[in-house]
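Trainee: Could we go through this model together? I'd like to learn where its labels come from.

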Amino acid sequence: MRPAAWGTPEAQQQAFRAVLDGFARPGTLVAAPADGAVLMFLSAVLDESVTLADPLDLLSADTRRLLLAPSATVDKARFVLLDGRTPPAATLQPALGTLESPELGATVVLAVDALHDPSQPGSGQTTILQLQGPGVPGTRALAVDGLHPGWLDRRAAWVAAYPMGVDIVLAAPHTLVALPRTTRVASHAIARGV
Amino acid sequence: MSTAHRSAGYAFGFLDDRAKKELRRAMLKAVSIPGYQVPYASREMPIARGFGTGGLQLTLALIGPADTLKVIDQGADDSVNAVNLRQFIELTCPGTRTTKRTAAATLIQTRHRIPEHPLRADQILVLQVPYPDPLVVVEPSEERRKTMHGEADYARLWVKLYEDMVHFDEITFSHRYPTRIAGHYVIDPSPIPRWDVPKLHRAECLYLFGAGREKKIYAVPPHTDAEPLTFDDVPFRVEDFTDPATGRRRACSRCGATDSFLDEFVDDLGRKTHQCSDTDHCLARLDARATAVAAAFAA
């Protein structure tokens, strides 16, 4: 049996380079191959030695096995996959790391409907983010379709005590955007699309 | 350079996939927390620790068949460390290309220099780091250094700089100049000369630092503040290449550049001469001049 396209070392190397570029330049759109942005990101970083929490079962059981990562609860997992379209649960608390070891803060992957340039029209509820911080010359604008505004409030609380915090990956079906903990969301406006 | 490298019988990139994934996770956290030293399990490499194993592991976790690699040792592509590392990567990464031209490279591994020509957004510079922690000169305990870094408590480093000013009227870091990244972590930018430190500030490219012996990875993302530690009334100074005899800036004896970092040599007659440290920069200038001369003759 041949491995899925995302399971090959070549695909994972290319995925990682694209993701690394996305993390180095927060808010830029990273195009994902046919298997989708969630698998592109997770396959580039997961193996047996780190934990993944998928409490909503967004991944199929087969995919979950092939990713190799053991399961953990959301508060302990190094990688957490959640749905950004629904509001965050009140008790949700991913790992933030410690002052001495901030790299133990989780990477949270949020599934959203679409990511695009703000000049493009969105569909449904579009959130416009103005981003600043390392990797962003000046301000970079980003439009996200289908992100519940509650996530931005929760993220602001999680990253308030730098260097502790979480790093967020917004994953639309075929695009992803990284929001490391250093990225400041300067303002956000919500517009109704057509 | 040739592209058809003979295979050494290893998997692409020498490292196994588990090692690469760990390096990749560490790199993403390093970029997310600019200047923070992310620990990782540095693997045994077929070169000795201290000869660039940290940079080599980063390069092997990054490189793919679409990459063109340049390896620099002290500004040159032809010194022993650079040649050995380049040959190793050619053997273990079939399909990749190697180059000596900075502009043609997508991935550059370097020891002790940043190329003179500004790097582009599609290039990554990997630096080999011997000592990653700038606080090691003032605090021997790693546990306490980690707390100091987390709290951005660099008071004792400032005292060291102040004592330098009192004793010597000059901050005595000639290379590895402590540099504050994005307003929080202070890094040891590896033994680059002071000349190269301003290149870290709001660059287009991503800088990755790998310390193999000390098992640390850190990063300076593009468009990120990188400020050398200095006092308000003592501005940061780079190396001064003014010739005290003439009062003019020294020039490269090969290409005549007066805007590059110079290495000092003693020739056969015992005279001091100076040459560009960045050999590609020097050769590019010589080539441009030769082309211009040929064009002038042809016209």
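Trainee: Why is Asp280(B) called buried?

Mentor: Asp280(B) has a relative accessible area of 14%. Buried means under 20%, exposed means over 50%, and partly exposed is in between (1.4 Å probe, protein chains only). The value of 14% is under 20%, so Asp280(B) is buried. Before we go on, a word on the ground rules: residues are numbered from 1 along each chain as its sequence is written, while chains are lettered from A and ligands numbered from 1 in the order in which they are written. This is a predicted model, where local features need pLDDT of at least 70, side-chain atom pairs count only at pLDDT 80 or more, and totals for chains, interfaces and linings use all residues; side-chain values use heavy atoms, with hydrogens and water left out.

Trainee: Where does Asp280(B) lie, and which residues is Asp280(B) in contact with?

Mentor: Asp280(B) is part of helix H6 (residues 279-298) of chain B. Helices (H or I, at least four residues) and strands (E, at least two) are DSSP runs, numbered from the N terminus. Contact means heavy atoms within 4.5 Å. Apart from neighbours within four places in sequence, Asp280(B) contacts Lys70(B), Lys100(B), Arg101(B) and Thr102(B).

Trainee: What makes the pair of Asp280(B) and Thr102(B) a polar contact?

Mentor: A polar contact is a pair of N or O atoms within 3.5 Å; within protein, one must be able to donate a hydrogen and the other to accept it, and residues adjacent in sequence count only if both atoms are side-chain atoms. The two side chains come to 3.0 Å, and that value is within 3.5 Å, so the distance fits the rule.

Trainee: How do you know that Lys160(B) and Asp164(B) form a salt bridge?

Mentor: A salt bridge is a side-chain nitrogen of Lys or Arg within 4 Å of a carboxyl oxygen of Asp or Glu. Here N and O are 3.0 Å apart, so the pair qualifies. The two residues are four places apart in helix H5 (residues 155-168) of chain B, which means they are separated by about one helical turn. Asp164(B), at 6% relative accessibility, counts as buried.

Trainee: Why do Glu44(B) and Arg49(B) have two labels, exposed and partly exposed?

Mentor: Set each value against the cut-offs. Glu44(B) is at 63%, so Glu44(B) is exposed. Arg49(B) has 29%, so Arg49(B) is partly exposed. Their side chains meet in a salt bridge too, at 3.9 Å from N to O, which is within 4 Å and so passes.

Trainee: What makes Arg17(A) and Asp67(B) a pair that joins two chains?

Mentor: First, the side chains of Arg17(A) and Asp67(B) form a salt bridge at 2.7 Å, N to O. Arg17(A) lies in helix H1 of chain A, and Asp67(B) in the loop between helix H2 (53-62) and strand S2 (68-73) of chain B, so the pair joins two chains. Both residues are buried.

Trainee: How many salt bridges does the rule find across the interface of chain A and chain B?

Mentor: The rule finds four salt bridges there. Another pair of this kind is Arg25(B) with Asp47(A), whose closest N and O atoms are 3.2 Å apart. The interface also holds 22 residue pairs in polar contact, both at pLDDT 80 or more. On the side of chain A that touches chain B, H1(A) gives the most, with 10 residues. In total, 41 residues of chain A are in contact with 40 residues of chain B.

Trainee: Why does Asp54(A) have no salt bridge?

Mentor: The nearest side chain of opposite charge, Arg64(A), is 5.1 Å away. (Lys and Arg count as positive and Asp and Glu as negative; His and the chain ends are not counted.) The distance of 5.1 Å is not within 4 Å, so the rule finds no salt bridge, although Asp54(A) is buried.

Trainee: Which backbone nitrogens does the side chain of Asp54(A) reach?

Mentor: A polar atom of the Asp54(A) side chain lies 2.9 Å from the backbone nitrogen of Leu58(A), and the side chain reaches the backbone nitrogen of Leu59(A) at 3.0 Å. Asp54(A) itself is found in the loop between strand S2 (52-53) and helix H3 (61-66) of chain A.
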